[in-house]
Amino acid sequence: MNKIWFWLTVTSICILLYINPEIVLPSMLEASESTLKLCISLCAIYSVWLGILQVMEDSGINKKLSKFLTPVTKKIFGNLDDATNELICMNISCNILGMGGAATPLGMKAMQRLDDGSGNANKAMIMLIIFASTSMQILPTTVIGLRITAGSTSASNIILPTIIAAISTTVIGIGIALIIEHFKKRKNRNK
């Protein structure tokens, strides 16, 4: 990793010194300024949604949502202990609300609890990865916030395409995982 940073630094210095620094330097400064503005916007968006998540947790809505999603999670993930099921339900609900940044720590905690120590991913872990990767969203709040920050006049017109894409990719991902699991079981039976 250090070698990569070394060569990136050397390359950047060479570009600045030998290829028209009057053009390169202003572009780099503009990009840095844009990146900083984006980071500040993301911090504002995440702080709002992490606050909402904390309110959900303090008011007990997460427990109710967990009970509501439990039949679905039991069918997809199998029998889980209550704490793991709650983490998975909160991860899914955060993703549904478009709070990917808040969903990530919950998903990591759930993944640690799902780990059986074998060094292999089990069915529940694979399903959690599919849910996290396809980011089943009903309300893509982070993307809408970014679009508003970028000056979009119709930032919310991505809601329907996002829902269609999220449902499609989640269903396809789960379907492929179940098909692969079926073939693995069949192969193991034939041995």
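An axis, for a helix, is a line fitted to its C-alpha atoms over the stretch in contact, and the angle between two axes is taken between their N-to-C directions. Keep that in mind as you move through this structure, which is a predicted model.

Begin by selecting helix 4, residues 82–96, whose 15 residues should span 21 Å at 1.5 Å a residue, and whose end C-alpha atoms are indeed 21 Å apart, in agreement with that expectation. Just before this helix, select D81, which caps the N-terminal end of helix 4 by placing a side-chain oxygen 3.3 Å from the backbone nitrogen of A83.

Now colour helix 4 by burial: 12 of its 15 residues are buried, so the helix is largely enclosed by the rest of the structure. Among the buried residues are T84, L87, I88, C89, M90 and C94.

Next, add helix 6, residues 123–134, to your selection, and look at how its axis and that of helix 4 come within 9 Å and cross at roughly 20°. Because of that angle, helix 4 counts as roughly parallel to helix 6, and the crossing of the two helices is left-handed.

Finally, select C39 and C43. How far is the sulfur of C39 from the closest cysteine sulfur? The closest one belongs to C43 and lies 6.7 Å away, which is too far for a bond, since a disulfide requires the two sulfur atoms to be within 2.5 Å. A search of the whole structure likewise finds 0 disulfides. As for their surroundings, C39 counts as partly exposed because its relative accessibility is 40%, whereas C43, at 54%, counts as exposed.

Terms used. Residues are numbered from 1 along each chain as its sequence is written. This is a predicted model: local features need pLDDT of at least 70, side-chain atom pairs count only at pLDDT 80 or more; totals for chains, interfaces and linings use all residues. Side-chain values use heavy atoms; hydrogens and water are left out. Buried means under 20% relative accessible area, exposed over 50%, partly exposed in between (1.4 Å probe, protein chains only). Helices (H or I, at least four residues) and strands (E, at least two) are DSSP runs, numbered from the N terminus. The expected span of a helix is 1.5 Å times one less than its number of residues. A polar contact is a pair of N or O atoms within 3.5 Å; within protein, one must be able to donate a hydrogen and the other to accept it, and residues adjacent in sequence count only if both atoms are side-chain atoms. Axes are lines fitted to C-alpha atoms, for helices over the stretch in contact, and angles run from 0 to 180 degrees between N-to-C directions. Angles under 35 degrees count as roughly parallel, over 145 as roughly antiparallel, 65 to 115 as roughly perpendicular and the rest as oblique. A crossing is left-handed if the near helix is turned anticlockwise from the far one by less than a right angle, and right-handed if clockwise.
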